[in-house]
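Okay, everyone, thanks for coming. I'll put the protein up on the screen and then talk you through a few things in it.

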Amino acid sequence: MTTEHRKASRILLLDGQDRLLLFQGSDPAVPGVTWWFTPGGGLEPGEGTREAAVRELGEETGLRGVELGPVVAYGTASFSYREQHYEQEQWFHLARTVQTVLDHSGMGGDEHAQLLAARWWTVEELRATAETIYPVGLADFLGRLLAEGPPVTPVRL
């Protein structure tokens, strides 16, 4: 199996109650396995992480005018989707919104097939759940972020 390398922009989107938006997804090639993940997606040619974050938020949530903050974390994700292996470099932007009603009509068909649910999570709920959350360590990072504010330099997740 070949590995596709890609770059992605992800968004840690917080609402007015400091809850984090996560999507529940699955891989059609692996029935019955689900996980929760942050909004975001691959960078298009010539696009920076900030532009990709704004575009992806619009497509995936329908939210416009979101207060997009700095890159607070980065990392590499290795995963398979539809039997294709990916190595993804990703950057996480902090963002805030007061709007919590989502509109997924801007998503592509493949994204719709993967998205099972959307939910706003508190740090306590993230720490208590037995469900799979990506990136690993997100609950603790979010707790530090809310307590201390954005780090001076992005943290590896």
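I'll go from the overall fold to one helix, then to one strand residue, and end on the salt bridges.

Before anything else, keep in mind that what you see is a predicted model. As for secondary structure, we've got 4 helices and 8 strands. If you walk along the sequence, the order is β-β-β-β-α-β-β-α-β-α-α-β.

Now, overall dimensions. Put the C-alpha atoms in a box along the principal axes and you get roughly 40 × 40 × 30 Å. What about the radius of gyration? For 157 residues a compact globule would come out near 15 Å, and the protein has 15 Å, so the two agree. Buried residues account for 41% of the 157. Take the contacts between residues at least 6 apart in sequence: 68% of those join residues at least 24 apart.

On the surface side, about 8200 Å² is exposed, and 51% of that is supplied by carbon and sulfur atoms. For the electrostatics people: there are 13 positive and 22 negative charges, and the mean positions of the two sets sit 3 Å apart.

Okay, helix 4, residues 138-148. Which of its residues are buried? That would be L138, A139, F141, L142, G143 and L145. And what do they pack against? Quite a list: strand 1 (3-14), strand 2 (20-26), strand 5 (67-81), strand 6 (84-96), helix 3 (123-128) and strand 8 (155-156). Just past the end of helix 4 there's G149, with a positive phi of about 85 degrees.

Next, Q84, which lies in strand 6. Q84 is partly exposed, at 22% relative accessible area. Leaving out residues up to four places away in sequence, Q84 touches M1, T2, T3, E4 and F79. Here's a distance to check on your own screen: from Q84 to L68 is 16 residues in sequence, and C-alpha to C-alpha they are 31 Å apart in space.

Right, salt bridges. The general idea is just that side chains of opposite charge can pair when their charged atoms come close. How many are there in the whole structure? A full search gives 8.

Let's zoom in on R55. One of its partners is E44, with the closest N and O atoms 3.6 Å apart. R55 belongs to helix 1 (residues 49-61), while E44 is in the loop between strand 4 (40-42) and helix 1, so this pair ties together parts that are 11 residues apart in sequence. Is R55 buried or exposed? It has 18% relative accessibility, and since the cut-off for buried is under 20%, R55 counts as buried. E44, at 42% relative accessible area, is partly exposed.

R55 also pairs with E56, and there the N to O distance is 3.0 Å. In that salt bridge, R55 is buried and E56 is buried as well.

Then there's the pair E125 and R119, a salt bridge with the closest N and O atoms at 3.5 Å. E125 is partly exposed at 31% relative accessibility, and R119 is partly exposed too, at 29%. Which residues end up joined in one network? Through salt bridges that share partners, E44, E47, R55, E56 and E59 are linked together.

That's what I had, so over to you.

Methods
Residues numbered from 1 in each chain as written. Predicted model: local features only at pLDDT ≥ 70, side-chain atom pairs only at ≥ 80, totals over all residues. Heavy atoms only, no water. Salt bridge = Lys/Arg side-chain N within 4 Å of Asp/Glu carboxyl O. Helix = DSSP H or I, 4+ residues; strand = E, 2+ residues; numbered from the N terminus. Buried < 20%, exposed > 50% of the residue type's maximum accessible area, 1.4 Å probe, protein only. Rg over C-alpha atoms; globule rule 2.2 N^0.38 Å. Contact = heavy atoms within 4.5 Å. Areas by Shrake-Rupley, 256 points an atom, 1.4 Å probe, with all protein chains shown as cover. Lys, Arg positive; Asp, Glu negative; His and termini not counted. Charge placed at Lys NZ, Arg CZ, Asp CG, Glu CD.
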